[in-house]
Amino acid sequence: MNVEQVTAVSVDLLTKWGFKVVGAIALLIVGRMVAGLLRKLTRRAMKRAAVDATLIPFLSSLVYYLALAVVLIAVLGLFGIQTTSLVAILGAAGLAVGLALQGTLSHFASGIMLLIFRPFRVGDVVEVGGTTGKVQEIGIFTTTLTSPDNIKITVPNSQVYGSTIKNMNGYDTRRVDMVMGVSYDDDLGVAMETMSRIVREDSRVLADPEPQIAVAELADSSVNFVVRPWCRAEDYWNVKFDLTRRLKEELEAVGCSIPYPQRDGHLLQAQQAPAPEM
């Protein structure tokens with residue numbers, strides 16, 4: 001093959017495939033930009049329509065990946081690949097990818113179940129997979145939390161849906177469980193009356209259900225009371241912290257003492273045996 005033939009073949013290949021390659025690259029770039037724009041527009045439209053914030057990240061991401069899939073099919077069409085062949089290829093590839101990415105598909109399926117059954121929403125404080133935090137986003141594959149000390153935590157959806165979920169904001173009210181100990185020498189009636197008064201004086205404590213204050217345990221060093229008032233879920237921690245301090249101060253003010261853990265020790269002196277006779 002001489003130089004003229006090589007040149008002719010090269011020109012033919014460039015003419016036949018060069019513009020298709022360039023067109024495919026351009027279509028991929030533009031398609032990705034359009035997919036990103038569609039995702040932004042979808043987010044904006046759902047926010048204006050007051051769609052649940054839990055659904056917005058998931059649906060917008062779904063629109064983005066569907067748009068990318070359409071772009072990919074269009075790119076393959078530029079090279080003459082038939083749709084029927086493409087479906088067969090995608091089916092085989094999907095089976096192979098599905099077997100290789102079982103964990104990832106499990107995350108995806110769990111994300112779908114979280115959005116269907118709604119065990120929690122964006123903004124709720126939850127305990128999932130051994131982690132506690134405020135829900136920031138429920139994505140396709142992961143759920144993002146923010147810990148109380150402002151650390152971003154990403155939990156795979158399969159661990160979220162496959163474990164026990166505790167939603168601290170699942171109900172409007174919560175019960176505050178506290179244990180207060182007084183000395184065995186203190187007047188239990190005075191202690192109970194003082195604790196009842198302190199709980200009633202807090203305006204955040206609900207009258208219904210009625211707070212429970214009772215002797216729960218005769219411990220080693222103290223008589224332990226359970227103090228269980230109810231409050232709104234958003235007031236839980238402030239009520240717990242404030243009542244703990246006030247109960248201690250008021251119990252000491254009426255003469256009750258909160259004893260330290262202690263044990264009584266008894267020293268026994270052994271008797272000396274008489275000296276043997278010589």
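Two rings of Phe, Tyr or Trp (for Trp, its six-membered ring) are taken as a pair when their centres lie within 6.5 Å, and by this rule the count here comes to 3 aromatic pairs. The model on screen is predicted, and the tour below moves through it one selection at a time, returning to those rings along the way.

**The whole chain**

Begin with the whole protein in cartoon view, where the secondary structure comes to 7 helices and 10 strands. Of its 278 residues, 27% are buried. Among contacts between residues at least 6 apart in sequence, 64% join residues at least 24 apart.

**Helix α2 and the tyrosines on it**

Select residues 55–78, which form helix α2. The 24 residues of α2 should span 34 Å at 1.5 Å a residue, and because its end C-alpha atoms are 35 Å apart, the model agrees with that expectation. Now colour the buried residues of this helix, which are L55, I56, P57, F58, S60, S61, Y64, A67, V71 and V75. As background for reading such a list, an α-helix has 3.6 residues a turn, so residues three or four places apart point the same way.

Next, show the side chains of Y64 and Y65, whose rings form an edge-to-face pair with 5.3 Å from centre to centre and 75 degrees between the planes. Are these two tyrosines buried, partly exposed or exposed? Y64 counts as buried because its relative accessible area is 11%, whereas Y65, at 47%, counts as partly exposed. Add R39 to the selection, and you will find its charged end over the ring of Y64, 4.0 Å from the ring centre.

**A second group of rings**

Move on to Y236 and W237, where the ring centres are 5.0 Å apart and the planes stand at 85 degrees, so this pair is edge-to-face as well. Y236 is buried, with a relative accessible area of 9%, while W237 is partly exposed, with 48%. If you also display F241, you can follow the ring pairs that link Y236, W237 and F241 into a cluster. Which charged end sits over the ring of Y236? It is that of R174, which lies 3.8 Å from the centre of the ring.

**The three-stranded sheet**

Now select strands β7, β9 and β8, which in that order make up an open sheet of 3 strands with antiparallel pairing. The edge strands are β7 (178–182) and β8 (212–218), each of which pairs on one side only. Looking along the sheet, you can see that neighbouring strands are turned by 30 degrees against each other on average, with direction ignored.

To inspect one pairing in detail, keep β7 and β9 (residues 223–228), which run antiparallel to each other and are joined over 5 bridges. Label G181 and you will find it opposite N224 in β9. Then bring back helix α6 (residues 188–201), which packs on the sheet, touches β7, β8 and β9, and has a direction at about 20 degrees to that of β9. Helix α7 (residues 236–253) packs on the sheet too, touching β7 and β9, and its direction makes about 10 degrees with that of β7.

**The loop between α6 and β8**

Follow the chain from α6 into the loop that leads to β8, where P209 is found. A cis peptide bond joins D208 and P209, with omega at about 5 degrees. In general, most peptide bonds are trans, and most residues other than glycine have a negative phi.

E210 has its place in this loop as well, and it counts as exposed because its relative accessibility is 65%. Draw a distance from E210 to R228: the two are 18 residues apart in sequence, and their C-alpha atoms are 8.9 Å apart in space.

**Two loop residues with positive phi**

Finish with two loop residues elsewhere in the chain, beginning with R118, which lies between α4 (102–117) and β1 (125–128). The phi of R118 is near 50 degrees, a positive value in a residue other than glycine, and at 26% relative accessibility R118 counts as partly exposed.

The last selection is N150, in the loop between β3 (142–146) and β4 (152–156). Its phi, too, is positive for a residue other than glycine, at a value near 65 degrees. Is N150 buried or exposed? At 65% relative accessibility, N150 counts as exposed.

Notes
Residues numbered from 1 in each chain as written. Predicted model: local features only at pLDDT ≥ 70, side-chain atom pairs only at ≥ 80, totals over all residues. Heavy atoms only, no water. Pairing = 2+ DSSP bridges. Helix = DSSP H or I, 4+ residues; strand = E, 2+ residues; numbered from the N terminus. Axes fitted to C-alpha atoms, helices over the stretch in contact; angles between N-to-C directions. Contact = heavy atoms within 4.5 Å. Buried < 20%, exposed > 50% of the residue type's maximum accessible area, 1.4 Å probe, protein only. Phe/Tyr/Trp six-rings, centres within 6.5 Å; stacked < 30°, edge-to-face > 60°. Lys NZ or Arg CZ within 6 Å of the ring centre and 35° of its normal. Expected span 1.5 Å × (residues − 1).
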